[in-house]
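Hi everyone, thanks for making time this morning. I'd like to walk you through one chain, so please have the picture open while I talk.

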Amino acid sequence: MPNCKTVIPYAGTPEQEARLQAVIAAHKGQPGATMPVLQQAQEIFGYLPEEVQIMVAEGLDIPLSEVYGVASFYAQFAMNPKGKYQISVCLGTACYVKGAADILSAVEEHLHIKPGSITPDGKFSLDACRCVGACGLAPVMMVGNDVYGRLTPDQIPGILDKYE
């Protein structure tokens, strides 16, 4: 299996960086500015790579450890890019007892990535989640907003090939 943790190089544009600098300038010196600046930074870039966290820390004149602490604590923040097609495999109780671990393994094997990673072409990202609210269809996987239920591992290649 190739490298399980694919790292996508930072690809921020000068326009994105200028937008971030404007957000930082609007919040500079305000107590509690870290959270709203990170929220807007994620809207601009789609996630919070190290380079963006450094810009926020330097711009707000706060330690990078504080920025990283906020970004890593809250689930709303992503430090890895998301693929064009975001795959979520439910590992909640109903799905798990009906074989969700095998579904996750089949996706990992087909795409050669682990949860929290993205394919080298940026097409797919994979995450495991706790519940998608479709327990009656267990085990369940979502690709974007498309829900696939009552899955078996042998169905995974055909489903993912639709998105290729």
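I'll start with the overall layout, then go through some helix pairs, a pocket and two backbone details.

Before anything else, please keep in mind that this is a predicted model. The chain has 7 helices and 5 strands. If you trace the chain from the N terminus, the order of elements is α-α-α-α-β-α-α-β-β-β-β-α. Taken along the principal axes, the C-alpha atoms fill a box of roughly 55 × 30 × 25 Å.

Let's turn to the helix pairs, beginning with α1 and α3. Helix α1 covers residues 14-27, and its axis comes within 10 Å of that of α3, with a crossing of roughly 35°. That crossing is right-handed. On the α1 side, the contact uses E17, L20, Q21, I24 and H27, and on the α3 side you'll find V52, M55, V56, G59 and L60. Sorted by class, the contact of α1 with α3 has 6 nonpolar residues, 3 polar and 1 charged.

Now stay with α3 and look at its packing against α4. Helix α3 spans residues 50-60 and helix α4 spans residues 64-73; their axes are 8 Å apart, at an angle of about 125°. The two helices, α3 and α4, are therefore oblique to each other. Their crossing is right-handed. Which residues of α3 and α4 meet here? From α3 we have Q53, I54, V56 and A57, and from α4 they are met by L64, V67, Y68 and A71. By class, this contact of α3 with α4 has 7 nonpolar residues and 1 polar one, with no charged residues. You may have spotted V56 twice: this residue of α3 takes part in the contact with α1 and also in the one with α4.

Next, α4 has another partner to show you, which is α2. Helix α2 runs over residues 34-45, and its axis and that of α4 come within 10 Å, crossing at roughly 65°. That angle makes α2 roughly perpendicular to α4. Here too the crossing is right-handed. T34, M35 and L38 of α2 make this contact with E66, V67, V70 and A71 of α4. In class terms, the contact of α2 with α4 has 5 nonpolar, 1 polar and 1 charged residues. V67 and A71 of α4 are worth finding on your screens, since they touch α2 and also meet α3.

Let's move on to empty space. The second largest pocket holds about 160 Å³. What lines the second largest pocket? Its lining is Y74, A75, Q76, F77, A78, M79, K82, Q86 and D127. By class, that lining has 5 nonpolar residues, 2 polar and 2 charged.

I'll finish with two backbone details in loops. One is at A138 and P139, which are joined by a cis peptide bond with omega of about -5°. You can find P139 in the loop between β3, residues 124-129, and β4, residues 141-143. The other is H112, where phi is near 60°, a positive value in a residue other than glycine. H112 sits in the loop between α6, residues 100-111, and β2, residues 117-118.

So, to recap the helices: α3 packs with α4 at about 125°, α2 crosses α4 at roughly 65°, and α1 crosses α3 at roughly 35°. Thanks for listening, and I'm happy to go back to any of these spots on the screen.

Key:
Residues numbered from 1 in each chain as written. Predicted model: local features only at pLDDT ≥ 70, side-chain atom pairs only at ≥ 80, totals over all residues. Heavy atoms only, no water. Axes fitted to C-alpha atoms, helices over the stretch in contact; angles between N-to-C directions. Helix = DSSP H or I, 4+ residues; strand = E, 2+ residues; numbered from the N terminus. Parallel < 35°, antiparallel > 145°, perpendicular 65-115°, else oblique. Left-handed = near helix turned anticlockwise from the far one by under 90°. Contact = heavy atoms within 4.5 Å. Nonpolar A, V, L, I, M, F, W, Y, C, P; charged D, E, K, R; others polar. 1 Å grid on protein atoms, 1.4 Å probe; cavity = no way out; pocket = protein on both sides within 12 Å on 5 of 7 lines; lining within 4 Å. Points joined across faces, edges and corners; volume = space filled by probe spheres on them.
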